[in-house]
Amino acid sequence: MARFWVCLAGAGFFLTLLVLHSRFCGSPVLRKFVFQISWRTKEIPYRLDVGWPKHSEYFTGTTFCVAIDSLSGLVYIAQRGDNIPKVLVFTEDGYFLRSWNYTVDTPHGIFAASTLHEQSVWITDVGSGSYGHTIKKYNSFGDLVQVLGTPGKKGTGLNPLQFDNPAELYVDDTGDIYIVDGDGGLNNRLIKLSQDFMMLWLHGERGTGPAKFNIPHSVTVDSSGRVWVADRGNKRIQVFDKDTGEWLGAWNNCFTEEGPSSVRFTPDGKYVIVAQLDLSRLLLAAAPPVGSIGNCSVIGTIQLADQVLPHLLDVSGKTGAIYVAEIGANGSYKTESFFSCLWETREGEH
């Protein structure tokens, strides 16, 4: 009993220090500390790393997306704002390396696709300037390598290919590219391109039926060859065969309150990680077996601090750590606009 009261007093003292530090030093630590985890198993596989990044002063804009290059151990974060570097590069353990903003207007999504021979970073740009409505490939130092779309011109065309507010993309191990185009723009499309940028298949109609979309916001591919799309406006995740584009099913029972804004898998493929922006919440659901989509089965939730607004996330292929980019629409958080949190797996848990 004495040990219990000692621990309780220590916890209270620690929280008091956090409050004072946040109140008088303008620290974001408290905002990152306040969260709740609900889990259906005995072991909670995630904890908050309040020490990531090592120095938050490099975040001078509003963070919208994050990509993990597990092969190189790098974290790419894209932020919006005037006269600031748009892309920040960190090590996975939180040390700042460099920044760049060449030809980046208004980033929305980002993806790192590296091999032993090439480090590449893809960015979807939704800006209205001369670089907007495009998807661009860079090397790790920010040199522009490839541009998809018609720079500065939104549209619905396929030849030449045009975008209107492209939300996100995913590049698989073969180099094939999956694009969700339509963050509130003219298009509501899922496009698959070959590694030489030839159209392989397309679903491209606004609606509520199978293979139709209302703000397709995030896309990923699992190890079984299924393409998962966060159909945010329709409050569901739709699933397709990556080779044929065939519609395989949808999850909507998990999203009655709000649609998904981001979708990724854990490295072992056992769990689907979903962000819900306006609820400031992450869901972890059991991945379905091959040959079945079934219904969404939530095995845990992570409730973030109020109004941090998780926009897009990514997962380290090495450690299983979840990196979350939050846009923090609440005015009290806007002045602290930075990459808000890293969820780190416990040792031995992936």
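**View 1. F90 and F96 face each other across two paired strands of the predicted model.** In this predicted model, F90 stands opposite F96, a residue of strand β6. Strand β5, residues 87-91, pairs with β6 in the antiparallel sense, and 4 bridges join the two.

**View 2. The open sheet that contains strands β5 and β6 has 4 strands.** The order across this sheet is β3-β4-β5-β6, and the pairing is antiparallel. β3 (62-69) and β6 (96-100) occupy the edges; each has a single partner strand, so one side of each is left without a neighbour in the sheet. From one strand to the next, the twist averages 20 degrees. As a general point, strands of a sheet pair through backbone hydrogen bonds, in either a parallel or an antiparallel arrangement.

**View 3. Strands β15 and β16 form a hairpin.** The two strands are separated by 4 residues, and G225, located in the turn, has a positive phi of about 85 degrees. Pairing between β15 and strand β16 (residues 226-231) is antiparallel and extends over 5 bridges. Within this pair, V219 stands opposite V229 of β16.

**View 4. Strand β15 is largely enclosed by the rest of the structure.** The strand spans residues 216-221, and 6 of its 6 residues are buried, so the remainder of the structure largely encloses β15. Buried here denotes a relative accessible area under 20%.

**View 5. G207 is a buried loop residue that precedes strand β15.** The loop holding G207 runs between β14 (199-203) and β15. Because its relative accessible area is 17%, and the buried class covers values under 20%, G207 counts as buried. Leaving aside residues up to four places away in sequence, G207 touches K212, F213, N214, N234 and R236. One of these contacts, N234, lies 27 residues from G207 along the chain, and the C-alpha atoms of G207 and N234 are separated by 8.4 Å.

**View 6. L158, M199 and L202 make a nonpolar surface patch.** The area of this patch is about 220 Å². L158 is located in the loop between β10 (144-149) and β11 (166-171). With a relative accessible area of 41%, L158 is partly exposed, because that class lies between the buried limit of 20% and the exposed limit of 50%.

Key. Residues numbered from 1 in each chain as written. Predicted model: local features only at pLDDT ≥ 70, side-chain atom pairs only at ≥ 80, totals over all residues. Heavy atoms only, no water. Buried < 20%, exposed > 50% of the residue type's maximum accessible area, 1.4 Å probe, protein only. Pairing = 2+ DSSP bridges. Patch = residues over 30% accessible without salt bridge, like charges linked within 9 Å, V, L, I, M, F, W, Y side chains within 5 Å. Areas by Shrake-Rupley, 256 points an atom, 1.4 Å probe, with all protein chains shown as cover. Salt bridge = Lys/Arg side-chain N within 4 Å of Asp/Glu carboxyl O. Contact = heavy atoms within 4.5 Å. Axes fitted to C-alpha atoms, helices over the stretch in contact; angles between N-to-C directions.
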